[in-house]
Amino acid sequence: MTARGENGVRRRLNYRAGGELELELSWFAVTDVGRRRENNQDSYVTTPPVFAIADGMGGHSAGEIASAAVVRRLAELGGRELVSEQDIDETLSDAVDDIELDAGDTELGAGTTVTGVVLGTEAEPTWKVFNIGDSRVYQYFKGALSQITVDHSVVQHLIDTGAITEEEAEVHPHANVITRAVGFNEAPIPDYTSLALIPGQRILICSDGLTKELTDVGIQHFLATEPTAESAARSLVRHALENAGRDNVTVVVIDVHAVGDVVDTGSLAGSGIELVEAGGSAPLESGAARAAAVVAAPPRHDGEDVDRGSSGLEQRSGADEGSFDGFADDGSAEYDDLEPVILPDAPTTPRAERS
């Protein structure tokens with residue numbers, strides 16, 4: 001396991017270096033080896049403007065080497081005024097070279113998922129969400145949980161084509177097989193989504209060690225009821241371990257307290273600060289209740305597919321539908337010895353909500 005960066009509580013950051021717009025964020029990262037693993041192949045980075053998780057795969061220590069290479073490279077983007085999609089593409093390409101050099105020849109190869117958010121390049125406050133593999137980014141806002149990323153996995157492809165149900169996917173024998181990764185001497189191809197950065201928003205970045213153990217309902221419960229980013233992150237990991245802890249579990253939770261003059265009064269109340277109107281006793285209206293999410297995703301690769309699903313977010317894939325690349329994730333223990341398999345890339349339509 002490799003970690004880069006530190007946790008932050010109510011940090012004031014400039015959305016742009018030298019700009020007037022300030023953000024107030026809290027974030028907390030926590031990882032655990034789980035109940036059945038001998039080593040932790042997850043890694044994470046929390047170096048604003050970059051927050052990300054990588055979940056390694058491969059024989060022996062290869063997965064740990066791969067995830068470490070990715071977060072080391074992403075950490076180099078920390079402190080930059082702007083981080084573009086091209087910067088992320090180039091950084092992940094450099095990580096592939098590092099993985100090949102560091103891991104050497106391994107029986108199963110070496111690779112990793114990666115997912116995360118960076119402060120966007122748009123004029124309006126925006127998160128740029130990126131992902132490769134089946135680690136995920138969620139948004140919790142105004143009582144609703146939304147899965148922002150789309151898994152690059154065999155079961156996601158089968159769900160989207162109607163071949164299996166959500167319930168069948170939970171016990172599918174290929175649940176550990178992903179169709180895109182960083183490593184295996186392949187060019188990394190992230191999906192990108194632009195998401196408005198708004199007060200009252202809570203962002204969750206997690207490895208599949210969490211989503212194997214908690215349903216969306218469970219995830220939403222802990223994001224909704226825990227008052228701080230730290231308590232939310234710790235509760236999610238603790239309950240994933242209590243449920244079974246079959247895999248390494250890593251989460252990063254980010255709370256957006258304020259964007260410029262717009263403040264989420266709900267997060268202030270959670271910190272113990274009493275908020276009333278000047279000269280009165282009525283509570284202030286939450287800034288989050290007045291905010292509206294706007295999504296904008298500029299074109300990235302020529303010929304890429306764009307699909308606007310039920311979430312209203314643009315999910316964009318840089319891979320052609322005819323491309324083939326399949327990798328065996330080190331998922332549940334009974335499938336650890338499977339060789340990587342070649343299967344079509346998962347389509348980029350949003351996953352259906354759990355019933």
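**Exercise 1. Place Ser231 and decide whether Ser231 is buried or exposed.**

Step 1. Find the element. Ser231 sits in helix 7. Helices are DSSP runs of H or I with at least four residues, strands are runs of E with at least two, and both are numbered from the N terminus.

Step 2. Check the accessibility. Ser231 has a relative accessible area of 18%. Buried means under 20%, exposed over 50%, and partly exposed in between (1.4 Å probe, protein chains only). Ser231 is therefore buried.

Step 3. Look across the chain. Phe28 is 203 residues from Ser231 in sequence, yet their C-alpha atoms are 8.7 Å apart.

A note on the source: this is a predicted model, in which local features need pLDDT of at least 70 and side-chain atom pairs count only at pLDDT 80 or more, while totals for chains, interfaces and linings use all residues. Residues are numbered from 1 along each chain as its sequence is written, and side-chain values use heavy atoms, with hydrogens and water left out.

**Exercise 2. Describe how helix 6 packs on helix 7.**

Step 1. Recall what to report. Two packed helices are described by the angle between their axes and the distance between the axes.

Step 2. Read off both values. Helix 6 covers residues 216-225 and helix 7 covers residues 229-243. Their axes are 9 Å apart, at an angle of about 150°. That makes the two helices roughly antiparallel. Axes are lines fitted to C-alpha atoms, for helices over the stretch in contact, and angles run from 0 to 180 degrees between N-to-C directions. Angles under 35 degrees count as roughly parallel, over 145 as roughly antiparallel, 65 to 115 as roughly perpendicular and the rest as oblique.

Step 3. Give the hand. Helix 6 and helix 7 cross in a right-handed way. A crossing is right-handed if the near helix is turned clockwise from the far one by less than a right angle, and left-handed if anticlockwise.

Step 4. List the contacts (heavy atoms within 4.5 Å). Helix 6 supplies Ile219, Phe222 and Leu223. Helix 7 supplies Ala232, Ser235, Leu236 and His239.

Step 5. Sort them by class. Five are nonpolar, two are polar and none is charged. Ala, Val, Leu, Ile, Met, Phe, Trp, Tyr, Cys and Pro count as nonpolar, Asp, Glu, Lys and Arg as charged, and the others, Gly among them, as polar.

**Exercise 3. Which residues of helix 6 are buried, and what covers them?**

Step 1. Name them. Asp216, Gly218, Ile219, Phe222 and Leu223 are buried in helix 6.

Step 2. Look down the axis. These buried residues fall within an arc of 165°, so they line one face of helix 6. The arc is taken from the directions that run from the helix axis to the C-beta atoms.

Step 3. Find the cover. The cover includes strand 9 (136-141), strand 10 (144-147) and strand 14 (202-206). Helix 5 (208-211) and helix 7 are also among the covering elements.

Step 4. Add a residue of helix 5. Thr211 is in helix 5. Thr211 counts as buried, at 10% relative accessibility. The C-alpha atoms of Thr211 and Ala240 are 8.2 Å apart, and 29 residues separate the two along the chain.

**Exercise 4. Describe the crossing of helix 1 and helix 2.**

Step 1. Take the geometry. Helix 1 (residues 62-75) and helix 2 (residues 85-103) have axes that come within 8 Å and cross at roughly 140°. The crossing is right-handed.

Step 2. Sample the contact. Among the helix 1 residues that meet helix 2 are Ile65, Arg72 and Arg73. Those on the helix 2 side include Asp94, Asp98 and Asp102.

Step 3. Count the classes. This contact has nine nonpolar, one polar and five charged residues.

**Exercise 5. Locate the unusual backbone spots.**

Step 1. Know the background. Most residues other than glycine have a negative phi, and most peptide bonds are trans.

Step 2. Find the cis bond. Pro48 and Pro49 are joined by a cis peptide bond, with omega about 15°. Pro49 is in the loop between strand 4 (42-47) and strand 5 (50-58).

Step 3. Find positive phi. Lys142 is not a glycine, yet its phi is about 50°. Lys142 lies in the loop between strand 9 and strand 10. Lys142 counts as exposed, at 56% relative accessibility. Asn185, also not a glycine, has a phi of about 60°. Asn185 is in the loop between strand 12 (182-183) and strand 13 (191-196). Asn185 counts as exposed, at 56% relative accessibility.

**Exercise 6. Summarise the chain.**

Step 1. The protein chain has nine helices and 19 strands.

Step 2. Of its 355 residues, 55% are buried.
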